[in-house]
Amino acid sequence: MKISLMHGAGGEVMGEVVDLFSKITNTNAGGIGLEALDDGAVIPIGGKQVVFTTDSHVVRPLFFPGGDIGRISVCGTINDITMMGGKPLALSCGLIVEEGFDFEILGKIVESMDHALCEENVALVTGDTKVMERGALDQIAINTAGIGVADTIIRDNGLKPGDAIIVSGTLGDHGFAVLASREEFDFADQIVSDVAPLSGMVHSVMKSGTIHAMKDPTRGGFASAINEMSKKSNVMIRISEENIPIRSSVRSASQLLGIDPLEVANEGKVVMGVPAEEADSILQILKRHRYGRDAAIIGTVTKGQGVIMETEAGGERFIEPPMGDPVPRVC
Amino acid sequence: MPKQGYIIIRGIVQGVGFRPFVYARAIAHSIHGSVWNTGSEVRINAWGNNFDDFIEDLKRGTPLSIIDSIEIHPLSGSPPDSFSILKSHDGIRTGLIPPDIATCPECVHDIFTQGGRYEGYFATSCVNCGPRYSIIKTLPYDRERTAMDIFPPCLECSDEYSDPSCRRHHAQTIACELCGPVLMLHTGDRQVINVSNPIQRTAELLEQGNIVAIRGIGGFHIACIGESSKELKNRLGRTEQPFAIMARKEWIKKETMISHEEEEMLQSEISPIVILDKKNSRAHDHISSLHTLGCMVPYTGLHHLLFSHLKAPYLIMTSANAPGYPMITTLNDAFVKLTGIVDYYLTHTRDIVNRCDDSVIRNGYIIRLSRGFAPKRTKIFLGEKAILGTGPELNSTVTLYTHGFCITSPHIGNVRNPGTYGYLKETIACLRDLMQPDISIIAHDLHPQFLSTRYAKELSEVTDAVLIPVQHHQAHIAATCQEECIGIAIDGVGYGSDGTIWGGEIFEGSAPEYNRVGHLMPVLMPGGDLATTWPERMLYGILPDEKTKELLLTRTWTEKDLLILEKQVSRRFNTAITTSTGRVLDAAAALLGICRKKTYDGEPAMKLESAAFGSSPDTWEIPLTRIGEAQVLDTQSLLKKARDLYLQNPFDTSAIKQIAASFQYNLARGIATIACNAGASAGINTIALSGGVAYNEMIRKTIGDVAQQNGYTLIVNHDMPLGDGCISFGQCVFAGKKDKL
Ligand SMILES: [Fe+3]
Ligand SMILES: [Mg+2]
Ligand SMILES: [Zn+2]
Ligand SMILES: [Zn+2]
């Protein structure tokens, strides 16, 4: 078998790559390891819970409405640490650049990284640069790794029946912004990526509320994240379609292209399961934050399995984990 | 010379009046001994001089029975003083009970016999009629294992039950007004209406224009008179989809072109919905905007009584369910889901154990395999191992193979929502319970995301069964012909073995080895499933040029949206590739302005067929080409030809009808030509045809004509749906043959 693009698309096919890593003998350094397939690892060091995670970024185009590859590479790692309950402290940066890449553009990317780091007061403490010959790589790839410290560890498998499901804002913005600018689709309203670092917002929730489970719905989108949470927590989740926040521009783009907004990436959103009695107060905290203005309670957790959406038309359908590419099934 | 024997009779011999039949024959021939049910079989101990004549009589069976085999074994011991019917035993399951059977003429007569015991009783039945599958919990078939268990028979019913001379001797469903299920009428806000004759009252309410939910044999119907159709459409939000009607036979004969065979089918013990051509294709368009009308006649005591009080010649009778969801069976569910849709509920107190929708038939071909047909038993040897076929996703059934027979379930529906998925699981559980197989093979569709595929995988973990994926269109052909053949599978969608979407396929071979020797031209579906909902996207996907753009601009498309569609196609962004015949017909319907949005399954193609009805087609050149080894019908050229003709005269209705007819006709000729060419080079002279598009009369007949002219025999399955209802059966056939290799 050969690696296909689907293997990196965050859908079910990616599982085949993940399976390869079961060959690694030691996957755990004492806390939460690779086997958990959570947003990051946890390593206990001297009475502290250190969160450690890494992410590589290859977005095309490099600059898109609302962000660029630099901002994503910082936010992705900050958010992964945050999703484990960690406060991000420091990041590394590994650059791989194609020979001939414009210095000025690289400067802009780095500047954008700095903005995102400053927003959350995180340091970039170490780095590495490799240049590959022309044609061996398409422009640039950025890897970041990061560490943080967690007082409370939050997993993606902690949902309990009765919990409310909250999303911190509109879904599908990043995916549609990037595909519109990559494919040069001219939608009536420009769609702007949501790429943002979430540690400030999430920690203000953690300060005064309980989060049972959380995850950032990046590759594979909300559909993938919510299914993973349901499966790992062994619960059923019921989502109400009319409560899912989706921008009208995203909705109409989705109706023109046949792409489900729930199946494309978000880069500045969090999906959390919280105790029902705290749902409203947590929602208010989120809404006060600039990245959580459109937050909404969209569902509930029950006993059972799978994710069911109660549709606006009064029916029910399953929200299924995307395969990577949509496959038609209508007769 | 007295003879004796221990007799085992296998087949459909329970629920068909078989024990009373055996009893009567034994008495007639002075046979002593006993008869009892075991598992799904009937067993007899018999002693007597007329033993051989007795056996000869048994071979004839009862009207509803199907005898697979009669075995006679040695019997020792001395005979009892008489012949008797004994209590049932458990045992192996090779047979089955029959499907639900329409109320027989004798019972209808009883219902309308003044002063009779059954006068006016809605649930009158006998050994020859009444519910069977819909009320059974498990085998052997006896009252205590059916939904009738909570209705102990009164003295008079008990007398009839044990009277060998009575038609209700050992009729498990025997019941009367005193002891059986009763009717209840509820208002829209769930209050009971106290009324002496709920049926008569219901007839009055219907007559006044009310919409009433009526609980039937296998589920609820929503009923109203023709004048209320607009209101019903509004309440259901279903403005386009035709309704089925229940009508008096005389009215149906007056309004439709019904053949003698169709008339027989209409009032048979199956009593399905028969799709009939209207005499005037534009008449009754408040029921159906197509040239056809789906008709059935009253088939239960309740229906007969209702019509006896009704002045209207027909009632709209649509299954109570959202499209693709299972029919509602319980009153509670009806209360919840039909709020705001119906004004009254007419219900009864007999539980519906197994849901069963109305069957649908057209031109002798089964469209929906359900009440009266299913569970459908097919004799076919596929090896010693039990096989489960979990079906496709749309119009699904499931099939269980065991001991030389396939049992196909009633229509389940579109297995893509939690409700229907639950029904799929229930149906499999029910068949497993009735047949008790040791499932060692599970066959499923190749589509990785179908819920039926997912359930197959889940079940294989519990049962340790081997999974065998079966390509959708190969399952269609395996369900149609088990010998070597050229197979034509034409339908809407199926996952191909190359990962693209198939649906216009020509194979050569026999299960499990098929070569794909021909297909329609692979074309783009801009937006994937979106192109199925909006057929104009399909039109552009096949003909992405300026002329199509100009045409779409004259419709409701904006310049901006078209630009995005254009870019989507030129950049191949989310444009699945398909060889589907249904999508090509959709594109033609869109081109001709016949259907611009699909609101129910198959709508564009069905409307195209209706538009073409009555026009005689022109013969066009068949554009054939090759891709690799396969012959390919260039549907792009066909559609271009249609577009050229259309643009000459876009407002001429009769020209449009002519183009619609010619397009279908030449598409069918092209497909048939590929099949004949394939047959010639492989030396095969049988062509098998399956797939939902084969319901299109002109397409099916044209393929048949071309095949015949070239000396081929065309096989079309009359016992299974041509659409996806046959897939589970085909999966079992394919998997059974594969396992034997
Ligand atoms: Fe099919
Ligand atoms: Mg987490
Ligand atoms: Zn009868
Ligand atoms: Zn009685």
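This is a short look at helix α2 of chain B and its surroundings, plus one annotated stretch of chain A, in a predicted model.

Let's start with the two faces of α2(B), which runs over residues 51-60. Three residues are buried here: B:Phe51, B:Phe54 and B:Leu58. They end up on the same side of the helix because they span an arc of only 55° around its axis. Flip to the other side of α2(B) and you find exposed residues, namely B:Asp52, B:Glu56, B:Lys59 and B:Arg60.

| Set of residues in α2(B) | Members |
|---|---|
| Buried | B:Phe51, B:Phe54, B:Leu58 |
| Exposed, on the other side | B:Asp52, B:Glu56, B:Lys59, B:Arg60 |

What do the buried residues of α2(B) pack against? Their partners in chain B are the strands β1 (3-12), β3 (41-48) and β4 (66-73), along with the helix α1 (18-28).

That helix partner deserves its own look. The axes of α1(B) and α2(B) come within 10 Å, crossing at roughly 150°. The pair is therefore roughly antiparallel, and the crossing is right-handed. On the α1(B) side the contacts involve B:Val22, B:Arg25 and B:Ala26, which meet B:Phe54, B:Asp57 and B:Leu58 of α2(B). B:Phe54 and B:Leu58 are also among the buried residues of α2(B).

Just past the end of α2(B) sits B:Gly61, with a positive phi of about 65°.

Over in chain A, an unreviewed UniProt entry annotates residues 38-150 as "domain: PurM-like N-terminal". In the model, that stretch is 29% helix and 46% strand, and its end C-alpha atoms lie 15 Å apart.

Note on methods. Residues are numbered from 1 along each chain as its sequence is written. Chains are lettered from A and ligands numbered from 1 in the order in which they are written. This is a predicted model: local features need pLDDT of at least 70, side-chain atom pairs count only at pLDDT 80 or more; totals for chains, interfaces and linings use all residues. A residue is buried if 20 or more other C-beta atoms lie within 10 Å of its own, exposed if 12 or fewer, and partly exposed in between; C-beta atoms are placed from the backbone. Helices (H or I, at least four residues) and strands (E, at least two) are DSSP runs, numbered from the N terminus. The arc is that of the directions from the helix axis to the C-beta atoms. Two residues are in contact if their C-beta atoms, placed from the backbone, lie within 7 Å. UniProt positions are given in the numbering used here, feature names are shortened, and annotations may be inferred rather than shown by experiment. Axes are lines fitted to C-alpha atoms, for helices over the stretch in contact, and angles run from 0 to 180 degrees between N-to-C directions. Angles under 35 degrees count as roughly parallel, over 145 as roughly antiparallel, 65 to 115 as roughly perpendicular and the rest as oblique. A crossing is left-handed if the near helix is turned anticlockwise from the far one by less than a right angle, and right-handed if clockwise.
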